[in-house]
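Here's a quick tour of the model below. Have a look at it first, then read on.

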Amino acid sequence: MERIAEDVFKPLLMGYLDGELTELEVQRVEEHLQSCSDCRTELEEFRRLKEVTQNMRVFVPDDKYWEEYWSHIYNRLERKIGWILVSMGIILLLSYSLYELVVGVFLKHDIPMVVRIGILALLAGLCTLLVSVLRERLFLARSDKYERIKR
Amino acid sequence: MNLADEGAIIERCKRGDREAFASIVQYYMKPAYYLALGYVGKPEDALDLSQDAFVNAFRHIKRFDTSKSFFPWFYSILKNLCMNHLSRRIRRREQSIDQMAEEEGQITIPVETASPEESAVRKDLEVRIGKALSRLRPKDREIIILQHFQDYSYQEIADLLGIPIGTVMSRLYAARGALRRELERSGVSY
């Protein structure tokens, strides 16, 4: 058998082994097996592997867990909404506090200039960090870093 | 579940119907768990990640095109979560050699034998096959777990992964070949 034909043919051995081929394909495979000892040997090795693994099962959680599976998801969905509301509340309160702080600091003339500059630098730094993190999150949300991974 | 039924249920999900989403979850929770297990190896992590993937899917369900099958779209979400989880695990390993030694072997695919009366030799062989399976690429593991250990038909695997049946066969051929080579390398005779 030529190399290219072999590459196309060999996956059919899997279908033959697992009883997933059409009658025509079975006939084609059997005809080939009669004349190709390499494929017969390979099929036999795959058959042994299948036999030895046929009683094996990956770990499966008990039925109770499957019954509760949806409720776990429901709770997480609810919690996400809770977190969104809590975050909104924190952002609103923080924004208001910052506004009050800025107004308070700059309207009171008895606060030394160095403290005013310090607070201004602190706020500007926090805003820069916030914008940077938001921009990164937005970029990650738009692009999929695993998009090159093929199934 | 056929594509039309699924599409109708997803449309309800898009309107925020959680009961409709519950039926999608009931239908796909087991393959989601098996596939996550293929990636991360630990059952508790696999359950956790598969549930997180459903939560993320529901949150972004409006982006889903209902003319297509749900599971391949959902699977890309699940796979990303599993890859992130593995990356974090690898980063943790880099931080500490002791932790790495402690975590060594955690990606072992846990296997159970169907018959409790199996001999000790047989059980040992199956554990070693489970370990060999853990050393395969995730892509190879996922197809072996679905076909060998869960007995999904080729059509079911093709539907779940969103690939043609011919690709199922070629991927199975590659994955089983890799498993055989891994067993040979480990000196496991069967």
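What follows is a short walk through chain A and its contact with chain B.

## Chain A at a glance

Keep in mind that this is a predicted model. Chain A is built from five helices and a single strand, and going along the sequence they come in the order α-α-α-β-α-α.

There isn't much of an interior here: 9% of the 151 residues of chain A count as buried.

## The helix α4

The helix to look for is α4 of chain A, which runs over residues 63-107. Its 45 residues take it 66 Å from the first C-alpha to the last, close to the 66 Å expected at 1.5 Å a residue. That said, α4(A) does have a bend of about 40 degrees, and you'll find it at Tyr69(A).

How many of the 45 residues of α4(A) are buried? Just two, so to speak a helix that is hardly covered.

## Where the chains meet

On to the contact between the two chains: chain A puts in 30 residues and chain B 42 residues. On the chain A side, the elements giving two or more residues are α1 (3-17), α3 (37-53), β1 (56-58) and α4. Which of these gives the most to the side that touches chain B? That's α4(A), with nine residues.

As for chemistry, the chain A side of the contact splits into 18 nonpolar residues, eight charged and four polar.

## Pulling it together

So α4(A) turns up twice in this story: it is hardly covered, with two buried residues, and it also gives the most residues to the side of chain A that touches chain B.

Notes: Residues numbered from 1 in each chain as written. Chains lettered and ligands numbered in written order. Predicted model: local features only at pLDDT ≥ 70, side-chain atom pairs only at ≥ 80, totals over all residues. Helix = DSSP H or I, 4+ residues; strand = E, 2+ residues; numbered from the N terminus. Expected span 1.5 Å × (residues − 1). Bend = angle between axes of the 7 residues up to and from the residue. Buried ≥ 20, exposed ≤ 12 C-beta atoms within 10 Å, placed from the backbone. Contact = placed C-beta atoms within 7 Å. Nonpolar A, V, L, I, M, F, W, Y, C, P; charged D, E, K, R; others polar.
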